Amino acid sequence: MKYIVAIIKPFKLDEVKDALQAIGVQGMTVTECKGFGRQKGQTEIYRGAEYVAHFVPKVKLELIVDGEVADAAIEALMTAARTGKMGDGKVFVSECSSVVRIRTGETNHDAL
C-alpha cells in the first residue's frame, strides 16, 4: 500500500477528486493549508497598495491506495492538478505498512 500526499492549488480540487474517483480511488482526506515554495509567496494589490503574501493558499490531499493502483493514481492526480505554472504543487509517496478501519476492525487491503 502507498500513502500519497499531494499539495495542490485549491481551484483544482474538484478536477483531482473526479480524476481519482474515475480510476477507483474510494476516499481521501482534504485539508486547507497555506505554504510557499520556490515562488516565495505572491505579490497582491489591496486598495492600491502592493504587499507580499508570504503564504499561498493550498489544499493538502492524503490518500492510501493499493500498490498496483499507485502509479495510475499519481498520474491522474498530476494530470488533473497541472496548470503548467509555478506553484502547481507536489506529490509525496511513501509506503504504508498497516491500515485499520476503526468501525469494523478490518485491516490492510480490507480496510481500504
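**Sheet, helices and core of the predicted model**

Strands β2 and β5 run antiparallel and are joined by seven bridges. The model in which this pairing appears is predicted. One residue of β2 (29-35) can be followed across the pairing: Lys34 has Pro57, in β5, as its bridge partner. The pair belongs to an open sheet of four strands, ordered β2-β5-β1-β6, in which the pairing is antiparallel. Two of these strands, β2 and β6 (89-95), lie at the edges, each pairing on one side only. From one strand to the next, the twist averages 20°.

The protein chain as a whole contains two helices and six strands. Read from the N terminus, its elements follow the order β-α-β-β-β-β-α-β. Of the contacts with a separation of 6 or more, 73% are accounted for by residues 24 or more positions apart. The chain has 112 residues, and 29% of them are buried.

Both helices pack on the sheet. Helix α1 touches β1, β2 and β5, and its direction makes about 10° with that of β5. Helix α2, in turn, touches β1, β5 and β6, with a direction at about 5° to that of β1.

The helices also meet each other. The axes of α1 and α2 come within 8 Å and cross at roughly 150°. Angles over 145 degrees count as roughly antiparallel, so α1 is roughly antiparallel to α2. The crossing in which α1 passes α2 is right-handed. On the α1 side, the contact is made by Glu15, Val16, Ala19 and Leu20, while α2 supplies Ala73, Ala76, Leu77, Ala80 and Ala81.

Some of these residues reappear in the largest nonpolar core. This core has 18 residues, and those touching the most other members are Ile4, Ile8, Val16, Leu20, Leu61, Leu63 and Leu77. Two or more residues are given to the core by each of β1 (2-8), α1 (13-22), β5 (56-65) and α2 (67-81). The largest share, seven residues, comes from α2. Leu61 illustrates how parts of the chain are brought into contact. Leaving aside residues up to four places away in sequence, Leu61 touches Ile4, Val5, Ala6 and Ile8, together with Leu13, Val16, Met28, Thr29 and Val30.

Two loop residues were examined for their surroundings. Lys12 is located in the loop between β1 and α1. Is Lys12 buried or exposed? Residues under 20% relative accessible area count as buried. Lys12 has 9% relative accessibility and therefore counts as buried. Apart from residues up to four places away in sequence, Lys12 touches Ala80, Ala81, Arg82 and Thr83. Of these, Ala80 and Ala81 are also among the α2 residues in contact with α1.

Gln26 is found in another loop, the one between α1 and β2. For exposed residues the cut-off is a relative accessible area over 50%. Gln26 is exposed because its relative accessible area is 72%. Along the chain, Gln26 and Val65 are 39 residues apart, and their C-alpha atoms are separated by 8.9 Å.

Note on methods. Residues are numbered from 1 along each chain as its sequence is written. This is a predicted model: local features need pLDDT of at least 70, side-chain atom pairs count only at pLDDT 80 or more; totals for chains, interfaces and linings use all residues. Side-chain values use heavy atoms; hydrogens and water are left out. A nonpolar core is a set of buried Ala, Val, Leu, Ile, Met, Phe, Trp, Tyr and Cys residues joined through side-chain atoms within 4.5 Å. Buried means under 20% relative accessible area, exposed over 50%, partly exposed in between (1.4 Å probe, protein chains only). Contact means heavy atoms within 4.5 Å. Two strands pair if DSSP finds at least two bridges between them. Axes are lines fitted to C-alpha atoms, for helices over the stretch in contact, and angles run from 0 to 180 degrees between N-to-C directions. Angles under 35 degrees count as roughly parallel, over 145 as roughly antiparallel, 65 to 115 as roughly perpendicular and the rest as oblique. A crossing is left-handed if the near helix is turned anticlockwise from the far one by less than a right angle, and right-handed if clockwise.
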